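Student: I'd like to learn how to read a fold from its coordinates. Could you walk me through one?

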Amino acid sequence: MLRPIVMMTALALAATSNAQPATPDQLQRLMAGNARYLSGQSTHLNQDHARRAEVAKGQKPFAMVLSCADSRVPPEILFDQGLGDLFVVRVAGNIADSNALGSLEYGAQVLGARFLMVLGHEYCGAVDAALKGGRAGGNIDSVLDAIAPAAGRAKADPAKTDLLDRAMVENVREVLMAISKRSPALAGMAAKGELKIVGARYDLDSGAVTPVTAGK
Ligand SMILES: [Zn+2]
């Protein structure tokens with residue numbers, strides 16, 4: 001079992017005129033859902049016909065998740081959420097490229113989401129490939145290039161255990177930095193307390209999501 005790493009980063013964010021404040025409620029709601037999932041007591045709320053009809057008229061997701069495309073990490077399942085609850089951006093390595101950032105800006109500024117979780121996960125194949133340093137050819141390389149700085153930092157760390165997990169965590173930190181540097185919209189909302197951004201780690205073995213802090 002890998003040690004839990006909790007890096008919680010709250011980059012405040014500043015946004016649009018009628019923005020609601022970020023509150024602790026969104027994180028609590030996500031973690032409560034993960035607790036239900038962990039204990040085998042998922043409610044599958046908001047997944048029925050009535051909810052489908054309700055959200056067909058419009059969406060107001062309470063949180064955004066930037067997670068890996070990995071088939072084992074579906075946010076709606078591991079947080080026990082339903083239709084219209086989460087605005088999810090999934091891309092290999094949960095990297096923050098311009099399309100991902102644009103999607104998240106839409107979720108925050110237009111849809112009104114006030115919480116963003118960058119979710120890395122145990123045994124991430126994209127991070128593993130970046131650590132190995134090979135070239136895959138085609139567009140896969142752009143994913144590997146995005147993860148390479150985090151992989152390099154993990155390799156340079158004198159700690160020799162759990163290299164893959166440390167690189168995954170470094171990648172979450174890298175993405176948090178990328179959001180603050182390359183998305184003035186999200187960073188501005190964070191600075192005003194209108195958006196809370198956290199990093200987290202999903203444990204494939206246990207099913208637990210562990211909020212994480214940025215940096216060491
Ligand atoms: Zn992955």
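Tutor: Sure, and keep in mind that this is a predicted model. Let's begin with a helix and its buried side: in α1, the buried residues are Gln-26, Leu-30, Gly-33 and Asn-34.

Student: Why do those residues of α1 end up on the same side?

Tutor: Look down the axis. They span an arc of only 100° around it, so they share one side of α1. Asp-25, Gln-28 and Ala-32 are exposed on the other side of α1.

Student: What do the buried residues of α1 pack against?

Tutor: Their partners are β1 (63-67), α3 (75-78), β3 (115-121) and β5 (209-212).

Student: How far does α1 reach from its first C-alpha to its last?

Tutor: The helix covers residues 25-38, 14 residues in total, and reaches 20 Å, close to the 20 Å expected at 1.5 Å a residue. Just after α1 comes Gly-40, with a positive phi of about 70°.

Student: Which residue has a positive phi although it is not a glycine?

Tutor: His-44 does, with phi at about 55°. You'll find His-44 in the loop between α1 and α2 (49-56). The loop between α1 and α2 also holds Asn-46, where phi is positive too, near 60°, again in a residue other than glycine.

Student: And burial there: is His-44 buried or exposed?

Tutor: Count the neighbours. His-44 has 12 C-beta neighbours inside 10 Å, so it counts as exposed. The cut-off for exposed is 12 or fewer, while buried takes 20 or more. Asn-46 has 17 other C-beta atoms within 10 Å, which means that it is partly exposed.

Student: Let's try helix pairs. What describes two packed helices?

Tutor: In general, you quote the angle between the two axes and the distance between those axes. Here, take α5 (residues 125-132) and α6 (residues 140-156): they pack at about 70°, with their axes 8 Å apart. Angles from 65 to 115 degrees count as roughly perpendicular, and α5 and α6 are therefore roughly perpendicular to each other.

Student: Which residues of α5 and α6 meet?

Tutor: From α5 you have Ala-126, Val-127, Ala-129, Ala-130 and Leu-131; from α6, Val-143, Leu-144, Ile-147, Ala-148 and Ala-151. Sorted by class, this contact of α5 with α6 has ten nonpolar residues, no polar ones and no charged ones.

Student: Which residues of α5 are buried?

Tutor: Ala-126, Val-127, Ala-129, Ala-130 and Leu-131 are. The cover over the buried residues of α5 includes α6 and also α7 (163-182). After α5 comes Gly-133, whose phi is positive, near 75°.

Student: Now sequence against space. How many residues apart in sequence are Ser-103 and Phe-87?

Tutor: They're 16 residues apart in sequence and 9.0 Å apart in space, C-alpha to C-alpha. Ser-103 sits in helix α4 (residues 98-110), and with 17 other C-beta atoms within 10 Å, Ser-103 is partly exposed.

Student: Zooming out, how many helices and strands does the protein chain have?

Tutor: Eight helices and five strands. Reading from the N terminus, the order is α-α-β-α-β-α-β-α-α-α-α-β-β. Of the chain's 216 residues, 41% count as buried.

Student: What share of the contacts comes from residues 24 or more positions apart?

Tutor: Among contacts with a separation of 6 or more, 78% are between residues 24 or more positions apart.

Notes: Residues numbered from 1 in each chain as written. Predicted model: local features only at pLDDT ≥ 70, side-chain atom pairs only at ≥ 80, totals over all residues. Helix = DSSP H or I, 4+ residues; strand = E, 2+ residues; numbered from the N terminus. Contact = placed C-beta atoms within 7 Å. Axes fitted to C-alpha atoms, helices over the stretch in contact; angles between N-to-C directions. Parallel < 35°, antiparallel > 145°, perpendicular 65-115°, else oblique. Nonpolar A, V, L, I, M, F, W, Y, C, P; charged D, E, K, R; others polar. Expected span 1.5 Å × (residues − 1). Arc of directions from axis to C-beta.
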